[in-house]
Amino acid sequence: MTASSFSHRLAFISSLLTGASIPSTSLAFHLPTITINLQHRSLQQHHHYSNNNHQRSSPVALHQYPIDTSETAARDTITLTDWAINYGIGLGDSFQLTSSALQEHNHPTHEDVYAITSQDVAASTPLLSIPSNVILTGSMARQELGTQTYGAESSLQLSDHQPFYLFLKILAEYEFGDQSPWYYWLNSLPRYYSNGASMTDFCFGCLPPYAAGLALAEKKRYKQYVEALTNIPFLSDQSKQTEDVTKWAFNVVFTRCMDLPGGDLAIVPMADYLNHDAEPNVDISYDNEGNCYVYSMRDVAAGEPLVFSYGDSTNPSNLLARYGFLDESSAATFCKYVIENPTFEMFNLGYPSSMYFYNDGSISNEVWDVLLYELLKVSPEEQQYFYQAHMSGDEGTKASYHDQYFAQTYRSLTSHVDYILNELEELGIGLETQIAQGQDKKRHPRLPLIMRHNEFVKATFDNVRQNLDNMYA
């Protein structure tokens, strides 16, 4: 895309936000090839209408053409591009959505729709621009939905309520049906998820303890949100009591929201079709008015997925629990060493954020540091000397402590690795039995993904165990 054509698109977006007119000859958007129903309200009209309705004590009536949120429902992505253009989203000439059927053990599970570039693009090429009035944020949802949400907010007893307000916003727009300005975007979103909120109790039992704990935490958060809906008067009982609807809304928020620079949370339509990779090729930024821009970070070849990092790429278990996919691009994984009630000192030593096992079997220094600090608790004075050496950067003193206590830390780490490997082996036998019997396809369709996760973690731990063996070879 030329700089001139992109500036025309930004001018068009600016006109939508300010109400100014621009010559039709300057528009660089392609005309829609499909006519979609634009009878629903403009964003400004809709915000005014929904503000008035949400202050009522009665629920909003469901409209025609509600979104089918069942896991087997088809996604309508055909009209998505036209919807985006009609609402002022600037699509770069090379930006394209494509899809592929995801399979587990030759069994199709669901369709993955994601962004690619249709042609070679150079670094710093603009790919997307999304006006702020299309972006859903937690703070704006809270302001729009009004004081009747405060009872639900207090019942949650959470420090961060932004995701909950996005959850309510998605449910409110769902109830507006095809009258919602976001209808065509919402109807394009996935229905099938494999994250912790969507897993069954049987799934949790098939994960190793650390991953199971993360997945269970997502399920618990989902249940808390559903319980809090009893304090929301403007949503219908039908929506609040239909698990397919509430789980879909929850998953839309937690698999598609991203952090904003000021601490808010946002769901950015179209940018939410960027997949994850440990090595991103796009950058997402915002201007002072809250408009979002996506640029290429490097040269990107035609057909290559457009990706950014969803978070910690060294913790595939966390990404599985929240997003429902296995990050095989990760070069490392958290060592799964869990400490109950970790102290402030342990966090300073690198627990848990820097305790890595790398795919080649190498072990981060922080793993050894935390293990040694744990072992030294029987000698508080020595433990404090070691900690002070760490905080002051005295590597010589740290090294002498590691040499002195290497046999103990080695045994502790080896015991931990063997425990995890044993857990994974036992889980693997059970999973293979389930898959061999074909019981997973209908009752537990997420088992093949869980099995791949466990195999990925096991391969790393096997390499770490070999590395530990070599230390005494």
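Lys377 comes out as exposed in this predicted model, at 54% relative accessibility. Its partner tells another story: Glu374 has a relative accessible area of 16%, which puts it among the buried residues. The two side chains meet in a salt bridge, with 3.9 Å from N to O. Side chains of opposite charge can pair like this when their charged atoms come close.

That pair has company, as a search of the whole structure turns up 15 salt bridges. One of them joins Arg446 to Glu71, and here the closest N and O atoms sit 2.6 Å apart. This pair links distant parts of the chain, 375 residues apart: Arg446 is in the loop between α18 and α19, while Glu71 is in the loop between α2 and α3. Arg446 counts as buried because its relative accessibility is 5%, below the 20% cut-off. Glu71, at 35%, is partly exposed.

Another bridge runs between Asp418 and Arg465, again with 2.6 Å between the closest N and O atoms. Asp418 belongs to helix α17 and Arg465 to helix α19, so the pair ties together parts that lie 47 residues apart in sequence. Asp418 itself is partly exposed, at 33% relative accessibility. Elsewhere, salt bridges with shared partners join Glu144, Lys169 and Glu173 into one network.

Helix α16, which spans residues 395–404, is worth a look too. Its buried residues are Lys398, Tyr401 and His402. Viewed down the axis of α16, these buried residues fall within an arc of 100°, so they line one face of the helix. On the face turned away from that buried side, α16 carries the exposed residues Asp403 and Gln404.

How values were computed
Residues numbered from 1 in each chain as written. Predicted model: local features only at pLDDT ≥ 70, side-chain atom pairs only at ≥ 80, totals over all residues. Heavy atoms only, no water. Buried < 20%, exposed > 50% of the residue type's maximum accessible area, 1.4 Å probe, protein only. Helix = DSSP H or I, 4+ residues; strand = E, 2+ residues; numbered from the N terminus. Arc of directions from axis to C-beta. Salt bridge = Lys/Arg side-chain N within 4 Å of Asp/Glu carboxyl O.
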